[in-house]
Number of protein chains: 2
Amino acid sequence: MDSPAPIYLDCDTGIDDALAIGYLLKTPAVEVVGIGTVSGNTSAGQAAENTLRLLGVAGRSDIRVAVGEHDWLAQPYGGGAAHVHGDNGIGGTELPSVQQHPIDESAVDLLLRLSHEHSGTLRIVATGPLTNLARALERDPSLPERIAEVVAMGGAALAPGNITPVAEANIFHDPEAAQVVVSADWDVILVPLDITMQHVFDEGHQGALLDSGDPLARALGDMLGHYFDYYQGVFGRRSSALHDPLAAAIAAGVVRLTRAPAVPVEVDTTGGPGRGQTIVDMRMQRAGHVDHPEVRTRVALDVDPEDFASHLLGVLLGTPA
Amino acid sequence: MDSPAPIYLDCDTGIDDALAIGYLLKTPAVEVVGIGTVSGNTSAGQAAENTLRLLGVAGRSDIRVAVGEHDWLAQPYGGGAAHVHGDNGIGGTELPSVQQHPIDESAVDLLLRLSHEHSGTLRIVATGPLTNLARALERDPSLPERIAEVVAMGGAALAPGNITPVAEANIFHDPEAAQVVVSADWDVILVPLDITMQHVFDEGHQGALLDSGDPLARALGDMLGHYFDYYQGVFGRRSSALHDPLAAAIAAGVVRLTRAPAVPVEVDTTGGPGRGQTIVDMRMQRAGHVDHPEVRTRVALDVDPEDFASHLLGVLLGTPA
């Protein structure tokens, strides 16, 4: 049996980030070797506290958590998305406090160090703004040589945005960082709203989590209530998109990409109405699935299993299909 | 029986503009009371010559044609799209020359005059860049009060662009003009690539046109060969999108909109990678067909009849269903 693939998670925990953490912790194919935080759904500091408490609930306080960039490359942190993720970032759920603190190292330093410790095999999963990744690339342009793959939840190819008509929140918050990341010479899988909005938890999934004997599953089920309140206005029913856990599952290699063309991606870094849009060249897709030559950024559009929500629930309950 | 609705056509003739002209001339529900040209597929001057010759073939040299703006608001005319529409704009087809000349009046003057002559009933169909319309609005801000409706082929809501990853050619060539037009206080129906790329002529339609006893139908069939050459690379088969005739048919009221939400539209006028994109706020459509209050711009997404190509062919052959 292969040894688990090492994963560095960069997140802004966040309700769906919490689901992604839960998924990664319960997936034997991967080992989370470090977590860095960034401001997005909540501040980098609060995201680290949320992450440490989640790890405590999961009995995995051995995993190192580093606070990353508080402000974005070209704009200060905007205060988070309390209407989506609650005042504390995790839907107001009060997790037991823990004695652990973030490590005495920035997320950028942690990522660079892990890239040497796991050179050639380290996978990056990014579920927040890409500020830490961009700073790490600035600091050490040789980073891509040591990274197996970057999987980033963010952007929209042909789907509408979720924070402007065309921009998704992670990319919108730091478009300059996103442009640095998609321009670097490494394999990037972008997991955009086109696919993440197709995979949802509803009250049935939530109920199963709340009924679980597993404390982490119960905590995740509790958080979902706040997330459903927000998505009620988006989908017209109590449910929630599974943005970050889908990116985590793709990075873990458990969920397989069935359509993910290699296509040019450019991020709109203007101050215009398109700021933060991932401009994805989908024109050639009109004639079928077409990979552009020389392009190392793939856009995830379809996955197997098609019912990712059931797969995610099974993993979180400890009963994977 | 109602008297025919008066239509001012603003075009850059162009192969699909020629189809639109053919459709309007053969549709009893409308009367084309004037045609203005603009640079786009070809120059405004060449477009006028093409239009006059088409009218000659159709035996409708009574219709006035005015040359409009050669350059766009913020950029000079770029030389046209010979690879799409041929060197002369109509696929290299040589139509018989005519004695008629463009009238001694600009397209902007013609439009403003017609708006008074047909105040309250005039419909505008725009199948090229929106430069003339923007100039007319600048010249006379009261123009919208006298216009029943503007139907403009252009833009992309969620579909890819056709000249950049996100921009459609008509809007891309003069984004500043498009922004003026969608910001004015009148009813605009935008007919974007989302729908126009769904309706195509193939070699069967072309063959029927070429076999027709009608000289205009034969001329249109002849032009399509060049258009098919271009679209071979887009669709992977010899066929062509029916952009402009679809807009004409919607303006004529013969083709009915079955899905056309009233949604905010903003044109990207930056110098960034999104320049020329119609930024359409489709977020609320996730919960179903939703009209935004106070919005007077509709985006055409579905029509009846669903088989518009057959309808168009029937009209051009003089055998409408």
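Is B:Glu294 buried or exposed, and what is its relative accessible area? I began my entries with this residue, in what is a predicted model, and found that B:Glu294 is exposed, with a relative accessible area of 79%.

**Entry 1: Glu294 in both chains**

I then looked up the backbone of B:Glu294 and found a phi near 70 degrees, which is a positive value in a residue other than glycine. B:Glu294 sits in the loop that runs between strand 11 (278-280) and strand 12 (297-299) of chain B. Turning to chain A, I found that phi of A:Glu294 is near 70 degrees, again a positive value in a residue that is not glycine. The place of A:Glu294 is the loop between strand 11 (278-280) and strand 12 (297-299) of chain A, and with a relative accessible area of 80% this residue counts as exposed, because the cut-off for that word is over 50%. I noted these angles because most residues other than glycine have a negative phi, and most peptide bonds are trans.

**Entry 2: a cis peptide bond in each chain**

I next went through the peptide bonds and found a cis bond joining A:Thr13 and A:Gly14, with omega at about -5 degrees. A:Gly14 belongs to the loop between strand 1 (5-11) and helix 1 (15-25) of chain A. In chain B, the peptide bond from B:Thr13 to B:Gly14 is cis as well, with omega near 0 degrees, and B:Gly14 lies in the loop between strand 1 (5-11) and helix 1 (15-25) of chain B.

**Entry 3: cysteines**

How many disulfides are there over all chains? I recorded a count of 0 disulfides over all chains. A disulfide is a covalent bond between the sulfur atoms of two cysteines. I also looked up the accessibility of one cysteine in each chain: A:Cys11 has 0% relative accessibility and so counts as buried, and B:Cys11, at 0% relative accessibility, counts as buried too.

**Entry 4: aromatic rings in helix 10 of chain A**

I counted 8 aromatic pairs over all chains. In one of them, A:Tyr227 and A:Tyr231, the ring centres are 5.1 Å apart and the planes stand at 85 degrees, so I entered the pair as edge-to-face. These two tyrosines are 4 residues apart in helix 10 (residues 215-235) of chain A, which means that about one helical turn separates them. Both A:Tyr227 and A:Tyr231 are buried.

The rings of A:Tyr231 and A:Phe235 have centres 5.5 Å apart and planes at 20 degrees, so this pair is stacked. A:Tyr231 and A:Phe235 are also 4 residues apart in helix 10 of chain A, and are therefore separated by about one helical turn. For burial I wrote down 4% relative accessibility for A:Tyr231 and a relative accessible area of 17% for A:Phe235, which is buried because the cut-off is under 20%. Ring pairs link A:Tyr227, A:Tyr230, A:Tyr231 and A:Phe235 into a cluster.

**Entry 5: how the two chains are related**

What rotation superposes chain B on chain A? I found a rotation of 180 degrees, with 0.0 Å of shift along its axis and an RMSD of 0.0 Å. That is the relation of a two-fold axis. Of the residues of chain B, B:Leu158 comes closest to the rotation axis, its C-alpha being at 2.6 Å. I also compared the interface residues, and 100% of those of chain B are interface residues in chain A as well, so the copies meet through the same surface.

Key:
Residues numbered from 1 in each chain as written. Chains lettered and ligands numbered in written order. Predicted model: local features only at pLDDT ≥ 70, side-chain atom pairs only at ≥ 80, totals over all residues. Heavy atoms only, no water. Least-squares fit on C-alpha atoms with pLDDT ≥ 70 in both. Contact = heavy atoms within 4.5 Å. Disulfide = S-S within 2.5 Å. Buried < 20%, exposed > 50% of the residue type's maximum accessible area, 1.4 Å probe, protein only. Phe/Tyr/Trp six-rings, centres within 6.5 Å; stacked < 30°, edge-to-face > 60°.
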